[in-house]
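Work through the exercises below with the sequence and the 3D view open. Try each task before you read its solution.

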Number of protein chains: 2
Amino acid sequence: MSDQSFTPIQEVGRQQLIDSLMQFETSHSATLIKGIGDDAAVFRISDYLSGLLSTDSLVEGVHFDLVYTPFKHLGFKAVTAAVSDIYAMNGKPDLITVSVMLPNRISLEMLHELYAGMHSAAHFYNIDIAGGDVAPTLSNMIITMAAYGTAGSERVCYRSGARNGDALCVTGDLGGAFAGLKLLMREKNVWQERNDDQFEPDLSGFDYVVGRQLVPHARKDLIESLDEAEIIPGAMIDISQGLANEVMYLSRASGCGIRLFEAALPVAPDTRSAADELQEDVDQFALHGGEDYEILFTLPERDVERFAGLFKDFVVIGKIVPAKDGILLQTAEGEMHEITLPG
Amino acid sequence: MSDQSFTPIQEVGRQQLIDSLMQFETSHSATLIKGIGDDAAVFRISDYLSGLLSTDSLVEGVHFDLVYTPFKHLGFKAVTAAVSDIYAMNGKPDLITVSVMLPNRISLEMLHELYAGMHSAAHFYNIDIAGGDVAPTLSNMIITMAAYGTAGSERVCYRSGARNGDALCVTGDLGGAFAGLKLLMREKNVWQERNDDQFEPDLSGFDYVVGRQLVPHARKDLIESLDEAEIIPGAMIDISQGLANEVMYLSRASGCGIRLFEAALPVAPDTRSAADELQEDVDQFALHGGEDYEILFTLPERDVERFAGLFKDFVVIGKIVPAKDGILLQTAEGEMHEITLPG
């Protein structure tokens, strides 16, 4: 080691860590268009076609808990996480590779369930699982996926493409996956406290949010509809960490400000019921809950109505404003709040 | 879990595990040409161009030991392992992604050393590190790479392309990386037994084999020379697990037998010295030692001499025979031995 100082990784923020690793980025090949810093890397295939490559990991104890996650669901979710990065570039995923690190408490049968879930997802997204490896590890199980896809070169959407005056849109609804996670964690705690083998988790009536957490679906349909409508969004990003986080990334990459309308945030009735049950604020779920795998995108105002005629499952939740106006949440009462990230 | 039986993964052989996972393989996308079962997946990009995608993991305690592996070397080796899979398909790597799972004893400075090594390798192979992620893990450090590359569609080489009468060739020399590993492990044991902070490992005179273990180089030069000579090998595979293993894979995929000539196995003088020092049989190192990242390939007899005129660093070590003749090692005395895998 040339450098003897020791800075614990936990003391370094995620963005600071990525920034510090980008110092090593230099371009050697002639094909790379965009490396680190978006949902996927973009590279030249031909004059008309761009390749997309991304990687994602699910770590046991960080991203999933085997106490309440069936292996089949975990497999489906892993593939969703992988392809979502390609959709978030307005691309079409073609294939993924999967590396699984297995502690010895995982059996061959469990691994088969995981693969059954992955292949069910591969069928759903019309992609192939084209390779992978399995290796032993000492403690937590880890699934790392790489996804490859393509997009017409002029159709690739970056985080940096938001323009002043654009409408900020989002697919589906928000906060459901986080509400599901909260309920699953609550039931796990009850189970652990009671230490009762016969324990049955009480999740009745919460199928929707539990499903959003355990078996999320990526927005293939959005990308297909945009293609059909011949509409190209300005900027795109998928909602994996949470709306507030993704809005920050978009603002930073595009050099713009953002106004979010709190009343417009799409929340499913079942997510609202779950928040009520948990006695928590559903707007916080919608703002900060991750893993919904919805897509946040910007459209010029003139395209919004035309696209809404073709694709129903999106709403306008804000607009792009000059950078000097910052990132603000406008409440139903017209008050303005700064959006801050917890922690 | 629908299946309540528990088969420990350790009781399942590597090949049996891969076979059992291939039951889930079905083709959904129109682009896949070859999925699991070769060094990389192959897919259609255009009439003339094929895409290649592979993944590889290095697991601490299985593939590397931080006691004697500098982070910079580990970074270089990770990239070598990743690009070697693309070369082994007769392709040209363009970019890789890297996912690093970090236990909290790894500092930011160590991670920077790792990245410095990876970028040094990226420069050497003329590729880009186009993305990745860093996530926490509880025990052993894990590095997972995905590599993307391309090859002219008619130039892609599979494990299955060996034909009766072809010459079996290998680049460079064999067993060096394993000899280096043995010496490093010996010094680690001495250090642990003495429990002495001032301990200096005795590796003088063994720079070559230690370098083969810690900083292996993949055979970019072979692929470039084959292209220049307009020669396309029948079959190709890289030597990551060891010659005997790779020969088995080739035989199985091509449906052929193989005759290896023991006297022809290329061994560096320094590897021989290391084996003498360790009082071990250097031929076993050459047959079973892994991680040399050399390339094993077959050529029709007529191409061997022509190619040798252009590219110096390969030798003929055997020939392809009918399947019924099996896999045999012919000693210098003319005796025939079956090749078996240890364990």
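**Exercise 1: Two unusual loop residues**

Gln279(A) lies in the loop between α8 (269–277) and α9 (282–288) of chain A. Helices (H or I, at least four residues) and strands (E, at least two) are DSSP runs, numbered from the N terminus. This is a predicted model, in which local features need pLDDT of at least 70, side-chain atom pairs count only at pLDDT 80 or more, and totals for chains, interfaces and linings use all residues. Residues are numbered from 1 along each chain as its sequence is written, chains are lettered from A and ligands numbered from 1 in the order in which they are written, and side-chain values use heavy atoms, with hydrogens and water left out.

Task: Describe the backbone and the exposure of Gln279(A), then do the same for Asn126(A).

Solution.
- Step 1. Gln279(A) is not a glycine, yet its phi is positive, about 55 degrees.
- Step 2. Gln279(A) counts as exposed because its relative accessibility is 76%. The classes are: buried under 20% relative accessible area, exposed over 50%, partly exposed in between (1.4 Å probe, protein chains only).
- Step 3. Asn126(A) sits in the loop between α3 and β5 (128–136) of chain A. Asn126(A) is not a glycine either, and has a positive phi of about 60 degrees.
- Step 4. The relative accessibility of Asn126(A) is 38%, so this residue counts as partly exposed.

**Exercise 2: Relating the two chains**

Task: What rotation superposes chain A on chain B?

Solution.
- Step 1. Superpose the copies by least squares on the C-alpha atoms of residues with pLDDT of at least 70 in both.
- Step 2. Chain A falls on chain B after a rotation of 180 degrees, with 0.0 Å of shift along the axis (RMSD 0.0 Å).
- Step 3. The two copies are therefore related as by a two-fold rotation axis.
- Step 4. Both copies use the same surface: 100% of the contact residues of chain A recur in chain B. Contact means heavy atoms within 4.5 Å.

**Exercise 3: A polar link between chains**

Task: Which side chains does Ser99(B) reach by polar contact?

Solution.
- Step 1. Find Ser99(B) in strand β4 (residues 92–102) of chain B. Ser99(B) is buried because its relative accessible area is 1%.
- Step 2. The side chain of Ser99(B) makes a polar contact of 2.6 Å with the side chain of Asp133(B). A polar contact is a pair of N or O atoms within 3.5 Å; within protein, one must be able to donate a hydrogen and the other to accept it, and residues adjacent in sequence count only if both atoms are side-chain atoms.
- Step 3. Another polar contact, of 3.0 Å, joins the side chains of Ser99(B) and Thr55(A).
- Step 4. Now turn to Thr55(A), in strand β3 (residues 49–59) of chain A. Thr55(A) is buried, at 12% relative accessible area.
- Step 5. A polar atom of the Thr55(A) side chain lies 3.0 Å from the backbone oxygen of Met145(A).
- Step 6. The C-alpha atoms of Thr55(A) and Thr144(A) are separated by 7.1 Å, although these residues are 89 apart along the chain.

**Exercise 4: Helix against helix**

Task: How do α3(A) and α1(B) cross, and which residues meet?

Solution.
- Step 1. The axes of helix α3 (residues 108–125) of chain A and helix α1 (residues 14–22) of chain B come within 10 Å and cross at roughly 35 degrees. Axes are lines fitted to C-alpha atoms, for helices over the stretch in contact, and angles run from 0 to 180 degrees between N-to-C directions.
- Step 2. Leu108(A), Leu111(A), His112(A) and Tyr115(A) in α3(A) meet Leu17(B), Ser20(B) and Leu21(B) in α1(B).

**Exercise 5: A buried strand residue**

Task: Is Ile317(B) buried or exposed?

Solution.
- Step 1. Ile317(B) belongs to strand β11 (residues 314–321) of chain B.
- Step 2. The relative accessibility of Ile317(B) is 0%, so Ile317(B) counts as buried.
- Step 3. Look for distant partners in sequence. The C-alpha atoms of Ile317(B) and Leu168(B) are separated by 5.8 Å, with their positions 149 residues apart along the chain.
- Step 4. Contacts of Ile317(B), leaving aside neighbours within four places in sequence, include Leu168(B), Val170(B), Phe261(B) and Leu296(B).
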